[in-house]
Amino acid sequence: MSRIGKNPIDIPSGVEVSVGASEIQVKGPKGTLATPVDPAVAYKIEDGKVYVSRVDDSRQARGQHGLRRTLLANCVDGVTKGFSKTLEVIGVGYKVSVQGKKVVLAVGYSHPVEFDLPAGLEAKVEGAKLTIEGIDKQLVGEIAARIRRVRPPEPYKGKGIKYLDEIIRRKAGKSGSK
């Protein structure tokens, strides 16, 4: 039995979960999310909890059991608390700003890089820190990764865009070899 899949998902007050034929809808105070249903997994709602179980013991059902439970738990967390990723812009003259639904990055190129945010995401800037917030965990992570890809941190001076909790392994450079 999947150790993750067998744990029930608590449904907080104010959250509504409805199981359909092709997807599960989760409505909460921050918005609405949907996750697809796999036929190898069965869902049961009882006493304010969602129980995820396998239909049979096939390889596909075992693989989907924990995955589908985690995707549904992320939807419930997203509509109640939301998700955020914080990026840090490091470098002399490197700046980040938010103009409406655009993130503008000045990171050493000859022109500022403009990055459009999709619907459902918000960005906030505090100094050199950019915070991406939204209810969809996958979308928040994907957009943060795309912004980081504009100027990834380099190992010699550490300049670039990095996650707040990311550790950059530094290299010594030419003068460090003697």
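**Entry 1: strand pairing, E2 to E4**

Two strands are taken as paired if DSSP finds at least two bridges between them. I worked throughout on a predicted model. With that criterion I looked up Val17 and found that its bridge partner in E3 is Val26. I then noted that E2 and E3 pair in the antiparallel sense over four bridges, and that a hairpin of three residues joins E2 to E3.

I continued to strand E3 (residues 23-28) and E4, which pair in the antiparallel sense over six bridges. For Ile24 I recorded Thr35 as the bridge partner in E4, and for Gly28 I recorded Gly31 of E4 standing opposite. Two residues lie between E3 and E4 in their hairpin.

I next asked in which order the three strands of this open sheet stand. The order is E2-E3-E4, and the pairing is antiparallel. Strand E2 (16-19) and strand E4 (31-36) are at the edges with a single partner strand each, so one side of each is left without a neighbour in the sheet. I noted an average turn of 15° between neighbouring strands of this sheet, direction ignored.

**Entry 2: the sheet E1-E6-E5 and helix H1**

I found an open sheet of three strands in the order E1-E6-E5, with antiparallel pairing. Here strand E1 (9-10) and strand E5 (41-46) take the edges; each has a single partner strand, so one side of each is left without a neighbour in the sheet. E1 pairs with strand E6 (residues 49-54) in the antiparallel sense over two bridges. I recorded Asp10 opposite Lys49 in E6.

I then looked up which strands helix H1 lies across in this sheet. H1 lies across E1, E5 and E6, and runs at about 165° to E6.

**Entry 3: nonpolar cores**

I looked up the largest nonpolar core and counted 20 residues in it. Among those with the most contacts inside this core are Val103, Leu105, Leu130, Ile132 and Ile147. I listed the elements that each supply at least two residues of this core, including strand E7 (83-90), strand E9 (102-106), strand E12 (129-134) and helix H2 (137-150). H2 gives the most to this core, with five residues.

For Ile132, leaving aside neighbours within four places in sequence, I recorded contacts with Phe83, Ser84, Lys85, Leu117, Leu121, Glu122, Ala123, Val140 and Ile147. I also noted a second, separate core of 17 residues, which includes Ile9, Val41, Val50 and Val52.

**Entry 4: Val125**

I checked whether Val125 is buried, partly exposed or exposed. Val125 has a relative accessible area of 30% and is partly exposed, because the buried class ends at 20% and the exposed class begins over 50%. Val125 lies in strand E11. Not counting residues up to four places away in sequence, I found Val125 touching Val96, Ser97, Val98 and Leu130. From C-alpha to C-alpha, Val125 and Val103 are 9.4 Å apart in space, while 22 residues separate them in sequence.

**Entry 5: rings and charges**

I searched for aromatic pairs, and the count came to zero. I then asked which charged ends sit over the rings of Tyr109 and Tyr163. The charged end of Arg151 sits over the ring of Tyr109, 4.3 Å from its centre. The charged end of Lys85 sits over the ring of Tyr163, 5.3 Å from its centre.

Conventions: Residues numbered from 1 in each chain as written. Predicted model: local features only at pLDDT ≥ 70, side-chain atom pairs only at ≥ 80, totals over all residues. Heavy atoms only, no water. Core = buried A, V, L, I, M, F, W, Y, C linked by side-chain atoms within 4.5 Å. Buried < 20%, exposed > 50% of the residue type's maximum accessible area, 1.4 Å probe, protein only. Contact = heavy atoms within 4.5 Å. Phe/Tyr/Trp six-rings, centres within 6.5 Å; stacked < 30°, edge-to-face > 60°. Lys NZ or Arg CZ within 6 Å of the ring centre and 35° of its normal. Axes fitted to C-alpha atoms, helices over the stretch in contact; angles between N-to-C directions.
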